[in-house]
Amino acid sequence: MAGERVYSAREYATSLYVGVPLLLSLAFLQSSVLPRIPILTIVPNLTLLTIVAWSFQRGPNEGMVWAMIGGLAIDLATGAPLGISPPPLLVAALIVGIARARVFRHNILLPALISLLAIGLYQIIHLALFKAIGLPVSWHTGIVEVAVPSTALHLALIPVVYLGVSRLARLVHGSQMRLGR
Amino acid sequence: MNMASHSSERIRWRLFLIFVAICLILLVLHTTGHLSTAVGYLQIPFSAAQSWISDRLGGLESTLSIPGDVAALQAENEQLRMQIARLERQNEELTEIYAEHSWLSSLLDYARQTPEHQRVAVDVIGWDTSNFVHRLKIGKGELDGIEPGMPVETERGLVGRVIAVSPHSAQVQLLTDADSSISARLGASRADGTVQGQLTADLTIKWIKQDVPVSENELVMTSGLGGYLPPDLVIGRVIQVEQSASQLFQEARVRPAVDFDRLEIVLVITSFEPANLTTEDNSP
């Protein structure tokens, strides 16, 4: 197993200074702008993509902190029940962060599979939480009509977001891990 | 190195469990109403920022749509010509139906004579980011007299209902939300049914009796049954009837009168008080 670099408290703090305004801005963009320009009826979730990309870059701990902040910001921006958005984001960040240290240095295809797993699980957990608070939709309908097309769209968008987040991480923290090496 | 790795994993899992626990606690407190006031005040800066963004969105939206507009203008023009021709024909058909059913006309006259609802115009400042729900956020709330249950409409028809309020904003559940269910009546056949939203943002009117002749393009309005919404608010038009001899009821797909993707300002009917159907046990 490839060892994972342990970041200093200062590095975590720097990530937080960058992450909080970025995630707040994304929450506003997500709730006010993007729903007006859906792609094939699906509204892309930039917060999810950014958190997945940041977890690829910086590992699960920072990814989960970003997931918590980004999720709560979305809940406050949209008026959704407080606490419903972070758990699926936390799971996505955890999966990506754990897998990153083990496989990235050996394979270029595995990151795509991990993204698929993380984004797919995000959709399913999100649906489960909505069902738990009373949204009357069946698993079949939710998965076939929303989760699958949404996962496919987000999978297509992740490379673009990854490039942007990768640049940001390099800008903030210097050289980072690269896919396929 | 190994110990450091194990320690790092322990921290990671602890962090995950703590965050999930916090979320679950927040979710339970929020759904039971214990966080309403706190969340309402936390939302104030968010609502203010969203109002600011929303005010400046018009220009951005048209800028973003320019390349598509140029490419699609000719095709859209042709489509509009065809649509005008179709609408003219529909207009003639509707005029005939109007003449044939004088009782409908008298009902409409009665509807006109009823006092106008009081309405408040409100900006749409945000949308739910999840593709599983269809809800939006408006820029006025409890302090502006907005209350849960109030109907929301535009000049074209019903948008939905207010389901939650904070001091300066409110959440509106759209007709198309999968959790939305509204008592409705068909315009010509006067059959009652229930309009339900779908995950795919489609509308379906269900529970229409089999012996009622439902036709395409028939108007669908609120019936007022149940007291949750005022009657005769336009919901949309029937676009496809699904009837099966093996079913007790028929259903139909409905095209909403409102274009939910283009909502910028909505009207909240503030004079309507939804019926409180909570039963009180008055027995001795």
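User: How many residues does each chain put into the contact?
Analyst: This is a predicted model. In it, chain A contributes 45 residues to the contact and chain B contributes 46 residues.

User: Which elements of chain A give two or more residues to the side that touches chain B?
Analyst: Those elements are H1, H3, H4, H5 and H6 of chain A. H3(A) supplies the largest share of that side, with 8 residues.

User: How do the residues on that side of chain A divide into nonpolar, polar and charged?
Analyst: There are 28 nonpolar residues, 14 polar and 3 charged.

User: Now the packing. How many residues are in the largest nonpolar core?
Analyst: That core has 59 residues. Those with the most contacts inside it include A:Ile51, A:Met64, A:Leu90 and A:Val96.

User: Which helices supply at least two residues each?
Analyst: From chain A, they are H1 (9–33), H2 (46–58), H3 (60–78), H4 (86–103), H5 (110–132) and H6 (139–173). Helix H1 (2–31) of chain B does so too. H3(A) gives the most to this core, with 11 residues.

User: What does A:Met64 touch, leaving out residues up to four places away in sequence?
Analyst: In chain A, A:Met64 touches A:Leu90, A:Ala93 and A:Leu94. In chain B, A:Met64 touches B:Leu15, B:Phe16 and B:Phe19.

User: And the second core, what does it include?
Analyst: It is separate and has 41 residues. Among them are B:Val152, B:Val159, B:Ala184 and B:Val195.

User: Switching to strands. Which strands make the closed barrel in chain B?
Analyst: The barrel has 6 strands, in the order S6-S7-S8-S11-S10-S9, with antiparallel pairing. On average, neighbouring strands of this sheet are turned by 40° against each other, direction ignored.

User: How many bridges join S10(B) to S11(B)?
Analyst: There are 6 bridges between S10(B) and strand S11 (residues 249–256) of chain B, which run antiparallel. B:Val241 stands opposite B:Ala252 in S11(B). S10(B) and S11(B) also form a hairpin, with 6 residues between them.

User: What about S9 and S10 of chain B, how many bridges there?
Analyst: 3 bridges join S9 (residues 219–222) to S10 (residues 234–242), both of chain B and running antiparallel. B:Leu219 has B:Arg237 as its bridge partner in S10(B).

User: And which way do S8 and S11 of chain B run, parallel or antiparallel?
Analyst: Antiparallel, with 5 bridges joining S8 (residues 203–209) of chain B to S11(B). Here B:Thr204 stands opposite B:Arg253 in S11(B).

Methods
Residues are numbered from 1 along each chain as its sequence is written. Chains are lettered from A and ligands numbered from 1 in the order in which they are written. This is a predicted model: local features need pLDDT of at least 70, side-chain atom pairs count only at pLDDT 80 or more; totals for chains, interfaces and linings use all residues. Two strands pair if DSSP finds at least two bridges between them. Helices (H or I, at least four residues) and strands (E, at least two) are DSSP runs, numbered from the N terminus. A nonpolar core is a set of buried Ala, Val, Leu, Ile, Met, Phe, Trp, Tyr and Cys residues joined through C-beta atoms within 7 Å. A residue is buried if 20 or more other C-beta atoms lie within 10 Å of its own, exposed if 12 or fewer, and partly exposed in between; C-beta atoms are placed from the backbone. Two residues are in contact if their C-beta atoms, placed from the backbone, lie within 7 Å. Axes are lines fitted to C-alpha atoms, for helices over the stretch in contact, and angles run from 0 to 180 degrees between N-to-C directions. Ala, Val, Leu, Ile, Met, Phe, Trp, Tyr, Cys and Pro count as nonpolar, Asp, Glu, Lys and Arg as charged, and the others, Gly among them, as polar.
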